[in-house]
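Please open the model in your viewer and keep the sequence panel beside it. This tour tells you what to select at each stop and what you will find there.

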Amino acid sequence: DTNGTWSWNDEITTSVGVAGTKTFKATFIHQSGNYKDYECDITVNVAKQKVSVPATNTSAVYTGSQLSTSYTNGALYTVTNASGTNVGNYDVNFTLTDSDNYVWANGDEITTKVTFSITKATVSISNLALNGWTYGGTASTPTFNKGAYDGTVTYLYTGTTNGGASYSSTVAPTQAGNYTFTVTITATDNCDIEEGKRSVSK
């Protein structure tokens, strides 16, 4: 005859505690009263609570300045390496603050990561301007916009002096004449070029 009831020896509200294997005592009381109560140990496995990875991969376009993700420390984890400057992939690390009782939902034990990608900027030369100057004076400085471009800018002056001589140099001319100023940029690791050459005549 096995009719009877089980009851926990501990209070029903007793917490199972932190993650891991726990042992609790329970007693079987036979309903007939003809048998002694039976006490035994019951092992309970308390699993770690799963924590979702905060976000999927994210990206930004190169600007020449340090770029940061919007990730911040959470209640259960800290965030490191959430920024970069040059084009490339950066590992953003999320580390659990209590890895004894929590685990990442993707199976990682303590630290998981997502990728922060910085992609190339597409740049152009725009708003090119160059004021003329008189013979014997100081050459004007060309002005232009090159966006986030981080490479070498090449200048070239070409034209003809008033005396009929041809001129081609990276140095501004000193003789009176008619000239064209050309500025050129080429692709870099961080920038693709949409419009890489502009000219202005004076």
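A residue is called buried when its relative accessible area is under 20%, exposed when that area is over 50%, and partly exposed in between, with a 1.4 Å probe and with protein chains only. With that in mind, select N127, which is exposed, with a relative accessible area of 62%. Before going on, please note that this is a predicted model, in which local features need pLDDT of at least 70 and side-chain atom pairs count only at pLDDT 80 or more, while totals for chains, interfaces and linings use all residues. Residues are numbered from 1 along each chain as its sequence is written, and side-chain values use heavy atoms, with hydrogens and water left out.

Stay with N127 for a moment, and find it in strand 13, which covers residues 126-129; strands here are DSSP runs of E with at least two residues, helices are runs of H or I with at least four residues, and both are numbered from the N terminus. Although N127 is not a glycine, its phi is positive, at about 55°.

Now zoom out to the whole protein chain, which has zero helices and 19 strands. Its C-alpha trace spans about 130 × 25 × 20 Å along the principal axes. The radius of gyration, taken over C-alpha atoms, is compared with a globule rule of 2.2 Å times the number of residues to the power 0.38; the protein chain has 37 Å, whereas a compact globule of 202 residues would have a value near 17 Å. Of these 202 residues, 26% count as buried.

Next, select residues 154-161, which form strand 15, and residues 166-169, which form strand 16; the two run antiparallel and are joined by four bridges, and strands are said to pair if DSSP finds at least two bridges between them. One pair to display is T160 with its bridge partner S166 in strand 16. The hairpin has four residues between these strands, and there you can pick out G164, which takes a positive phi near 95°.

Following the chain onward, select Q175 in the loop between strand 16 and strand 17. Is Q175 buried, exposed or partly exposed? Q175 counts as partly exposed because its relative accessible area is 44%. Contact here means heavy atoms within 4.5 Å, and, leaving aside neighbours within four places in sequence, Q175 is in contact with Y135 and T161. If you measure from the C-alpha atom of Q175 to that of A165, ten residues apart along the chain, the separation is 9.8 Å.

Move on to T184, which belongs to strand 17, residues 177-184. T184 counts as partly exposed because its relative accessibility is 23%. Not counting residues up to four places away in sequence, T184 touches I125, T152, V153, T154, G196 and K197. Then draw a line from T184 to C40, which is 144 residues away along the chain, and the C-alpha atoms turn out to be separated by 85 Å.

For the last stop, select L76 in the loop between strand 6 (67-68) and strand 7 (77-80). Which residues does L76 contact, leaving aside its neighbours within four places in sequence? They are V51, T95, L96, T97 and Y102. Of these partners, Y102 is 26 residues apart from L76 in sequence and 8.4 Å apart in space, C-alpha to C-alpha. L76 is partly exposed, since its relative accessible area is 28%.
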